[in-house]
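Hi,

Here's the structure I said I'd pass along. Have a look at it first, and then read on for what turned up.

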Amino acid sequence: MKLKATKGYDVVHAWLKEKSLSPFQFQQETWQHIIDKKSGLVNAPTGCGKTFSVFLGSVIDFINEHPKNYKTKSKNNLQLLWVTPLRALATDIGRAMEEVIDELGMNWKVGIRNGDTSISDRQKQKRQVPEVLIITPESLHLLLAHKNYTDVFKSLKIVAVDEWHELLGSKRGVQVELAISRLAGLNPKFCLWGISATIGNLQQAKEVLLSPIANLYQQSPDKFGETVTAQIDKNIQIESVFPDEIEKFPWAGHLGIKLVDKVIPIIMNSRTTLIFINTRGMSEMWYQALLTACPELAGVIALHHGSIEQDLRSWVEENLHTGKLKTVVCTASLDLGVDFRPVETVIQVGSPKGVARFLQRAGRSGHRPGEISKIYFLPTHSLELMEAAALKEATEIKLIESREPRLLCFDVLIQYLSTLAISDGFYPKDIFEEIKTTYCYRDINDEEWQKILQFTTAGGVALQQYDDYKKIEIIDGLYKINNRRIAMRHRMHIGTIVSDPMMKVKFISGGFVGVIEEWFIARLQPGDIFTLAGRTLEFVMIKEMTALVRKSNAKKSIIPSWQGGRMPLSANLGFMLRKKFDEAGLLLHKKNKKGIDREITELQPLFELQEYLSHIPKQNELLIEHIETQDGFHLFVFPFEGRLVHEAMAAVLAYRISRITPITFSLAMNDYGFELLSDQPIPLDDTNSYGLFSPQNLFADIQRSLNSVEMAKRKFRDIAVIGGLIFTGFPGEQKKARHLQSSASLLFNVFAEYEPGNLLLRQSYNEVMEQQMEEERLRKMLERIQKSKIIITFPNRLTPFCFPIKVDSMRENLTSEKLEDRVKRMQMQLEK
DNA sequence: GACCTGCTGCGGCTTG
């Protein structure tokens, strides 16, 4: 495609030429669309100039509009609104944009508006609106909460939503949708561009973002907008780290520290290495282990995770950028963000749980078009090695996960209405029309809308006697909040991220180290030694919700753990894993092992034992193992559908079996399968297996088998905070976690008793089903099982497949030392 | 209610 010659393009083209840069095809395509005033989605990997695709497009467009005076034109006049999910990205992108503007001699200003923006900068931006404003979704809503906010957006020409794939699928994405619907209501002339990495549902991603704009043009949202794809194929090299003797490598575990000696040469042979660890606690352990194994790393190795003080993290990022650091051990905290050009090698320790995440991390290395991205996969137990084989093939065929957009988030809607009410107020009729243009709320009905309005103005049915919940007043039909206290509190609570209250950790001598959860600190005695941010610390005391510590030289220390999210194995990776096990099973009977993944051939001894004791399931089979040990009667099932689905399925199966015979179970699960354990034989056999895994009555059986009320209550806490029902305190004034949960629980009970139809209550149950149980996936799994062959085996001892689940379930009752002894004993028995 | 594996992300302490 050749770009139409325009003044704007000439100017930009000349500039590019001067810099000896030639634009990529996808960038030119985007520019053309922007010139033609179209909207759409750019699909490009990070680090290949996706920023410039849209940014330069807006520059070209501006020059075209003002060919004569583009150098002097414009002041106080927002042209481009750049939405990005990360504050850290804003500075970098802003700097790059300023450079271009400077070199083109244009009279544009770039402003950054987020929580880091100083008060004086905010005031400056208010007096003189910059031409380019880089903003987070939260800050964008804060703008909508300002009086006369409509003035700011009058001149807006282009809105870009960067990293849209990161926002889609979360309530932050819903916030973006709402903001877009409002802007579309105000200023129908702007173009909207999303920028996204590759995901499974790109078309849907485009539709979600562009829906309100499609509505303006009265077009059907699923067909509206352009898709521009960068044809830049990243060369990704995946290499497994193999233990020397697979026979001696543990069958279970999650840390993988036994392979630390294999990591040192990789670090040494590479300029810089990022080591991704799945949890914060384990990243602390790896950091220590690497330093112990290779003391020369002192000073060039660092640690980075979400509970480390922001300043320390920035220091690490900065020094990684300049190449001073050779290695950084990190968690998902470095998945996104600053463009780490010098990173040469990436190591993934343990399961990345999904294809997209793995590719994202691989892409952190060789971060330039044309360069090879090199990633090592380090397994934490034997069977996990199969994930490397699965990831390789998934990468080849681009089996990348989708991000499902969230629907009908009433909590976010309530927050949004309060936001509009504290600025200029709103007329329900207009706003209802607007929100219905979003993907999230397109199916909202009149009754639900009335309930929402009633809720924000009168506290709904249950809370009508409490003035605190009557936030919005109606004056001549205008919905408005005039109470300054309510307005202030609301501004402080804009956003959809609800975190557990944490305790800060600070040196007595001053200086913050990071944050830790209350329960962890609560069990420490003064004088106890623990580790945080790679430092050994002695706990002194708690003062004003801050744990005071001093440095320590002790050799032994406790490593904290945090209660984070529990990402399950993705459906795509599970699918590929089943395929690889199928291949492994076939291979046992084959002489010629050419062309077979090395991971599979290395694991041959393990597979032989599995096949001897039980069976290796094929793709169209479900393996069930009945095993009797001194602990009792075990039933192991291996659907490979991820922890959350297994958790729900285990409960449903236990319930269904208990209807055949009165029987109680204890349950255990991991990403590959689950276990039912009982003191009596478990009546599951050929005659009833399909019935027990039937999708029929699934919903009812879930309700009966899981404590959905308790689960909904937990979900409700976040919903209540987002919806503004619970005030989590002024900044710095931390509320206790217990306190927060109990106020949420109280509200939950009130609704359950007096207003069972409450929308937020309903939403919490829906979120349990959709997010926690992954009901959709559970149902699909059961349908798959109905079409599969169920293979029931009776091994006379534990098998390589069930061993990791067994070890995980033992962990619950034992301390780690005892566990280690016990695992050894189990393994010895197996080797007999 | 919390641990023995359990991520990340944002915002707020005014204004007339």
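How many residue pairs are in polar contact across the interface of domain 1 and domain 3? Keep that one in mind while I set the scene. Just so you know, this is a predicted model.

Chain A is divided into five pieces: domain 1 (7-229), domain 2 (236-240 + 249-396), domain 3 (410-496 + 707-772), domain 4 (502-551) and domain 5 (614-706 + 774-830). I'll stick to domains 1 and 3 here. Their C-alpha centres are 30 Å apart, and 25 residues of domain 1 touch 28 residues of domain 3.

People often describe how big an interface is by the accessible area lost when the parts come together. Between domain 1 and domain 3, about 2,200 Å² is buried, with carbon and sulfur atoms giving 61% of that. On the domain 1 side, Ala145, Lys171 and Leu178 lose the most area to domain 3, and together they make up 28% of what that side buries.

Back to the question: the rule finds eleven such pairs, with both residues at pLDDT 80 or more. Which elements of domain 1 give two or more residues to this side? They are α6 (137-144), α7 (149-152), α9 (171-186) and α10 (202-216). The top contributor is α9, with nine residues. By class, this side of domain 1 has eight nonpolar, ten polar and seven charged residues.

There are also four salt bridges across the interface of domain 1 and domain 3. If you'd like a salt bridge to find on screen, try the side chains of glutamate 207 and arginine 442, at 3.4 Å from N to O.

Cheers

Terms used. Residues numbered from 1 in each chain as written. Chains lettered and ligands numbered in written order. Predicted model: local features only at pLDDT ≥ 70, side-chain atom pairs only at ≥ 80, totals over all residues. Heavy atoms only, no water. Domains from an automatic or database assignment. Contact = heavy atoms within 4.5 Å. Buried area = accessible area lost by both parts, 1.4 Å probe. Polar contact = N/O pair within 3.5 Å; in protein donor to acceptor, adjacent residues only side chain to side chain. Helix = DSSP H or I, 4+ residues; strand = E, 2+ residues; numbered from the N terminus. Nonpolar A, V, L, I, M, F, W, Y, C, P; charged D, E, K, R; others polar.
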